Amino acid sequence: MYFMSSVLLSFLKLAVARMLRGLGAILLLEGPPGGGKTSFAKEIAKQLGGTCFYYAGAPDKERDRR
Amino acid sequence: MLQRERAWVPGPAWQAFDASSRGEFAVLLIDEVDKTNPGFDAFLLRLLEDWTFRSPSGDEVKADPSKICVVLTSNGRRALRPEVLRRCQRVHIPLPERERLEQIISQIAGIKIPQKLMDLVIRLGQAISQEDAEAAPSPKEMALCCVDLLALTDTGEHKSEIWRAVAASWLVKGPDGAKVIDKAARYNWAKALKAEAGLETTASGDQNSPYGKGGITLLQQLEEKVAREE
């Protein structure tokens, strides 16, 4: 479950639209922990009906997998 | 012999590229990219340059850019190379505003959270994040903290100790969680709950249950909720 602000929702739609045109959708989400960066990525996968493949940048990172 | 051939195991990047090459939608989430080694940027650049992943064993997979979305997340610990940044759309995601945070917590919890408990948990979360932004509890952790605290009834003489431990288990990870909670709250935890959250007035629970009557119901709701999400 994820709750997006209208600004974020716009970014999601723009990314999907660019992707579908083959222009590439590469996003760098910046901000403090707890803002929903990880959830945003999972939400894109959900909206597309695709799979989200998780690559942990921090070797010991477990928290956000929950 | 076989084992040597299998020395390289396809990781999430390969899997995402492979899925998109087969016409499936894929999102490659590279979480906390700022915590990778600086050498990772070169790997990323090669990947994003021509959407081709070359494995150490010589295999190649070319992603379909119209089927793949790459999402990097960063808390800003390390700056990425400018060449990587130029390929990215940079989106800043701030913490939600107070009112919105309350909505999110309520919706995740799926139950009505007394305003005083909400205020307390959010205030604890803010105090913890002021001490260490990286340790800030997420809305989900705050929601589950509220759910657990509400589910706790009939804790007897160890009440304040148990409440403090439960709050710490969600809001502060680590062996000194309870101490951090005390420090963050800047006053006695048990007193805070009693005075602010009104948890003292929770209905008395079933003597045979470690959670109490109301507690079991809430825990069941939570378990069902988690099961639905999965």
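Visitor: Hi! Which residue does A:Glu30 stand opposite?
Guide: A:Glu30 sits across from B:Ser74, a residue in β4(B). Keep in mind that this is a predicted model.

Visitor: And how do β1 of chain A and β4(B) pair, parallel or antiparallel?
Guide: Strand β1 of chain A, residues 25–30, runs parallel to β4(B), and the pairing covers 6 bridges.

Visitor: Back to A:Glu30 for a second. What does it form with B:Arg90?
Guide: A salt bridge: the closest N and O atoms of A:Glu30 and B:Arg90 are 2.9 Å apart.

Visitor: How many salt bridges does the rule find across the interface of chain B and chain A?
Guide: Just 1 for this interface.

Visitor: And how many residue pairs are in polar contact there?
Guide: The rule finds 24 such pairs between chain B and chain A, with both residues at pLDDT 80 or more.

Visitor: Which element gives the largest share of the side of chain B that touches chain A?
Guide: That is β4(B), with 7 residues. The residues on this side of chain B split into 34 nonpolar, 10 polar and 13 charged.

Visitor: New topic: how many residues does each chain bring to the contact?
Guide: Chain B brings 57 residues and chain A brings 42.

Visitor: What area is buried between the two chains?
Guide: About 4600 Å² is buried between chain B and chain A, and carbon and sulfur atoms give 62% of that.

Visitor: Which three residues supply more of chain B's buried area than any other three?
Guide: They are B:Phe25, B:Gln89 and B:Ile93, which supply 16% of the area that chain B buries against chain A.

Terms used
Residues are numbered from 1 along each chain as its sequence is written. Chains are lettered from A and ligands numbered from 1 in the order in which they are written. This is a predicted model: local features need pLDDT of at least 70, side-chain atom pairs count only at pLDDT 80 or more; totals for chains, interfaces and linings use all residues. Side-chain values use heavy atoms; hydrogens and water are left out. Contact means heavy atoms within 4.5 Å. Buried area is the accessible area (1.4 Å probe) that two parts lose on being put together, summed over both. A salt bridge is a side-chain nitrogen of Lys or Arg within 4 Å of a carboxyl oxygen of Asp or Glu. A polar contact is a pair of N or O atoms within 3.5 Å; within protein, one must be able to donate a hydrogen and the other to accept it, and residues adjacent in sequence count only if both atoms are side-chain atoms. Helices (H or I, at least four residues) and strands (E, at least two) are DSSP runs, numbered from the N terminus. Ala, Val, Leu, Ile, Met, Phe, Trp, Tyr, Cys and Pro count as nonpolar, Asp, Glu, Lys and Arg as charged, and the others, Gly among them, as polar. Two strands pair if DSSP finds at least two bridges between them.
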